[in-house]
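Reader: I would like to learn how to read the packing of helices in a model. Could you take me through an example with some care?

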Amino acid sequence: MRLPRLSVIALLAALPLLASCDLLGIESGEAVAARNEAEGKAVGSACRHAMRAIEDCYVLNPKALKASVYAGWREMDEYMRENKLEGIAPVVPRPVEPSKKKKAKPAEDEEIIDEPKARADDKAHGKSTH
């Protein structure tokens with residue numbers, strides 16, 4: 001079966017438009033993966049330069065790919081050792097582990113209201129709250 005000439009011409013005209021989806025802002029899976037890899041390496045390099053342990057990097061950047069963070073950290077470590085560079089002290093404090101966090105205390109000017117509990121106790125003993 002032969003396609004009409006108009007269909008063939010339309011198909012050939014649409015081919016470059018379909019191939020240039022990047023112009024429409026649609027990213028391919030390969031482009032997203034490459035960007036995430038580069039961002040992870042940049043995070044790892046920055047962490048090493050800031051004298052952070054690799055574990056701290058993982059905690060501070062949970063969305064970054066761990067393998068690429070490690071690769072960036074290792075590359076920066078090698079570079080700094082070869083060139084005898086010192087790291088820069090981090091400005092952001094190290095993260096506190098969840099088990100070591102203290103419970104927030106209410107401010108002294110705040111009033112603590114335990115009213116819902118009192119109402120529940122009254123209903124259990126058959127007292128009316130109204």
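**A buried glycine and the helices around it**

Author: Let us start from a single residue: Gly72 is buried, since its relative accessible area is 0%, and this glycine is found in helix α4. Please keep in mind that the model is predicted, and that every value here is computed from it.

Reader: How many helices and strands are there in the chain, and what share of its 130 residues is buried?

Author: The chain has five helices and zero strands, so that from the N terminus on its elements read α-α-α-α-α. Buried residues make up 14% of the 130 residues, and of the contacts with a separation of 6 or more, 66% join residues that are 24 or more positions apart.

Reader: Which elements have the highest and the lowest mean pLDDT?

Author: Helix α4, residues 66–82, has the highest mean pLDDT among the elements of the chain, at 94, whereas helix α5, residues 115–124, has the lowest, at 55. For the chain as a whole the average pLDDT is 76, with 62% of the residues scoring at least 70.

Reader: Which residues does Gly72 touch, once residues up to four places away in sequence are not counted?

Author: On that count Gly72 touches Lys41, Gly44 and Ser45. Gly40 is also worth locating, for its C-alpha lies 7.0 Å from that of Gly72, although the two are 32 residues apart in sequence.

Reader: Is Ser45 buried or exposed, and what does it touch?

Author: Ser45, which lies in helix α2, counts as buried because its relative accessibility is 18%, under the 20% cut-off. Leaving out residues up to four places away in sequence, Ser45 touches Gly72, Trp73 and Met76.

Reader: How should one describe two packed helices in general, and at what angle do α2 and α4 pack?

Author: Two packed helices are described by the angle between their axes and by the distance between those axes. Here helix α2, residues 29–49, packs with α4 at an angle of about 45 degrees, and their axes are 6 Å apart. The two helices are therefore oblique to each other, and α2 passes α4 in a right-handed crossing.

Reader: Which residues of α2 and α4 meet, and how do they divide into nonpolar, polar and charged?

Author: From α2 the residues that meet α4 include Asn36, Glu37, Gly40, Lys41, Gly44 and Ser45, while those on the α4 side include Ser68, Ala71, Gly72, Trp73, Met76 and Met80. The residues of this contact divide into seven nonpolar, seven polar and five charged.

Note on methods: Residues are numbered from 1 along each chain as its sequence is written. This is a predicted model: local features need pLDDT of at least 70, side-chain atom pairs count only at pLDDT 80 or more; totals for chains, interfaces and linings use all residues. Side-chain values use heavy atoms; hydrogens and water are left out. pLDDT is the predictor's confidence in each residue, from 0 to 100. Helices (H or I, at least four residues) and strands (E, at least two) are DSSP runs, numbered from the N terminus. Buried means under 20% relative accessible area, exposed over 50%, partly exposed in between (1.4 Å probe, protein chains only). Contact means heavy atoms within 4.5 Å. Axes are lines fitted to C-alpha atoms, for helices over the stretch in contact, and angles run from 0 to 180 degrees between N-to-C directions. Angles under 35 degrees count as roughly parallel, over 145 as roughly antiparallel, 65 to 115 as roughly perpendicular and the rest as oblique. A crossing is left-handed if the near helix is turned anticlockwise from the far one by less than a right angle, and right-handed if clockwise. Ala, Val, Leu, Ile, Met, Phe, Trp, Tyr, Cys and Pro count as nonpolar, Asp, Glu, Lys and Arg as charged, and the others, Gly among them, as polar.
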